[in-house]
Amino acid sequence: MAKIRNFIYMNEQKLRSFNAQLFEGVTEKVVSSSGEHTQESEEQRGPLGSGRVLADIIRKSSNYSDHKFLDDYAYSLFEQRIWADDLVSEGYEPENARPFVSVSGRMLFGDNKRTRELLNSFNEIGLSFHLIEKLQGEMNSTKRMSKSEKISEAKNAAGKGLQFNEDYVEAISTLFEFGFSDTLEAKIAADGVLYSAPIKRESLRDSEVEVIQRYSRISEKTFTLVGSVTQAEEIESPVEFGASGAATLREQILGFANAMREIEDNFFGRAGNEIIVDPIAIYTSL
């Protein structure tokens, strides 16, 4: 039975790069002109039919209406090949690491941009929740609250945990922006290991808002994440990245970069059981 995947994310550039290396039969040269493509030369060196299929995918994929569907088929070929050639493992195996990893489980979508926006607007949103409850019986009234009344109600909202200290909000928002830079992450926990994948918003099949509305911030459905491991081991800062004592500008810059790395690790470093994955695709199986 064919495996049917519902993709929410695919990095087409990485997929094409890996396919070009795995399937030697991809067309050597494709020339495009005014949106019309002509194939100049073709040589079949890989498995029978693979070069022709992938060449057709590359040639036609500039047509946006075909783009996603052709990439989906290219991914199916890619996944079949890496499993057949034993190039992928289910979960990370440090003693027997492979080029690719596949992990499945419930997924948490971490939208750091939206989280920072929520932090910055928390007091305003919290006060709004409080006022909706307080003014529920006065929906049709035209009376407006004075500034002093709003200040008083903000204090009442704080008593319900709906207000933060403004300086605290500013400080945590600054640290959040420094540490995460409005990134979007997908996380899967499996067998006591947390797999984190920073993802490109432009490679999502739908907007992050639509994805979260459909599947929830923590999904009920099982997702599969396929990619390559980029961080897994605990390592100390290499000695050559520290200052050697010479006060050259170059070494001062290296020292500053090393200090930034230590700050980032202290505030936002990888957890002991966390593995960072460079994702190729994220999907559910139907």
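## Helices, a cavity and a few odd residues

Visitor: Which is it for α4 and α6: roughly parallel or roughly antiparallel to each other?

Guide: The axes of α4 and helix α6 (residues 166–180) come within 9 Å and cross at roughly 170°. Axes here are lines fitted to C-alpha atoms, for helices over the stretch in contact, with angles running from 0 to 180 degrees between N-to-C directions. Under 35 degrees counts as roughly parallel, over 145 as roughly antiparallel, 65 to 115 as roughly perpendicular and the rest as oblique. That's why α4 and α6 come out as roughly antiparallel.

Visitor: Before we go on, what kind of model is this?

Guide: Residues are numbered from 1 along each chain as its sequence is written, and side-chain values use heavy atoms, with hydrogens and water left out. Local features need pLDDT of at least 70, side-chain atom pairs count only at pLDDT 80 or more, and totals for chains, interfaces and linings use all residues, as this is a predicted model.

Visitor: Okay, how many of the residues where α4 meets α6 are charged?

Guide: On the α4 side you've got N112, T115, R116, L119, N120 and N123, and they meet E166, V169, I172, S173, F176, E177 and F180 in α6 (contact means heavy atoms within 4.5 Å). Ala, Val, Leu, Ile, Met, Phe, Trp, Tyr, Cys and Pro count as nonpolar, Asp, Glu, Lys and Arg as charged, and the others, Gly among them, as polar. The split is five nonpolar, five polar and, for the charged class, three.

Visitor: What about α4 and α5, roughly parallel or roughly perpendicular?

Guide: Helix α4 covers residues 112–134 and helix α5 covers residues 147–159. Their axes come within 9 Å and cross at roughly 100°. So α4 to α5 is roughly perpendicular.

Visitor: Which residues of α5 meet α4?

Guide: α4 brings L127, H130, L131 and K134 to this contact. By class, α4 with α5 has four nonpolar, two polar and two charged residues. The α5 residues are E153, A154, N156 and A157.

Visitor: Zooming out, how many helices and strands does the chain have?

Guide: Helices (H or I, at least four residues) and strands (E, at least two) are DSSP runs, numbered from the N terminus. Among contacts between residues at least 6 apart in sequence, 75% join residues at least 24 apart. The secondary structure comes to eight helices and nine strands.

Visitor: Which helix gives the largest share of the lining of the second largest cavity?

Guide: A cavity is a set of points on a 1 Å grid over the protein atoms alone where a 1.4 Å probe fits but cannot get out, and lining residues have an atom within 4 Å of a point. The second largest one is lined by F109, L184, I199, L204, E208, V211 and I212, with six nonpolar, no polar and one charged residues by class. Its volume, the space filled by probe spheres set on points joined across faces, edges and corners, is about 40 Å³. Three of the lining residues come from residues 208–215, which is helix α7.

Visitor: Is A281 buried or exposed?

Guide: A281 lies in strand β9 (residues 274–285) and touches F7, Y9, M10, Y75, T224, L225 and V226, leaving out residues up to four places away in sequence. Its C-alpha is 8.8 Å from that of E12, 269 residues apart along the chain. Buried means under 20% relative accessible area, exposed over 50% and partly exposed in between (1.4 Å probe, protein chains only). A281, at 0% relative accessibility, is therefore buried.

Visitor: What is the phi of D86?

Guide: Most residues other than glycine have a negative phi. D86 sits in the loop between α3 (64–84) and β4 (88–90), partly exposed with a relative accessible area of 46%. Its phi is positive, near 55°.

Visitor: And the phi of S216?

Guide: S216 is in the loop between α7 and β8 (218–231), and with 36% relative accessibility it counts as partly exposed. It's not a glycine, but it has a positive phi of about 80°.

Visitor: Last one: which residues does P99 touch, not counting those up to four places away in sequence?

Guide: P99 lies in the loop between β4 and β5 (100–111) and, at 45% relative accessibility, counts as partly exposed. The C-alpha atoms of P99 and S89 are separated by 8.5 Å. The residues P99 touches are L87, G227 and S228.

Methods:
1 Å grid on protein atoms, 1.4 Å probe; cavity = no way out; pocket = protein on both sides within 12 Å on 5 of 7 lines; lining within 4 Å.
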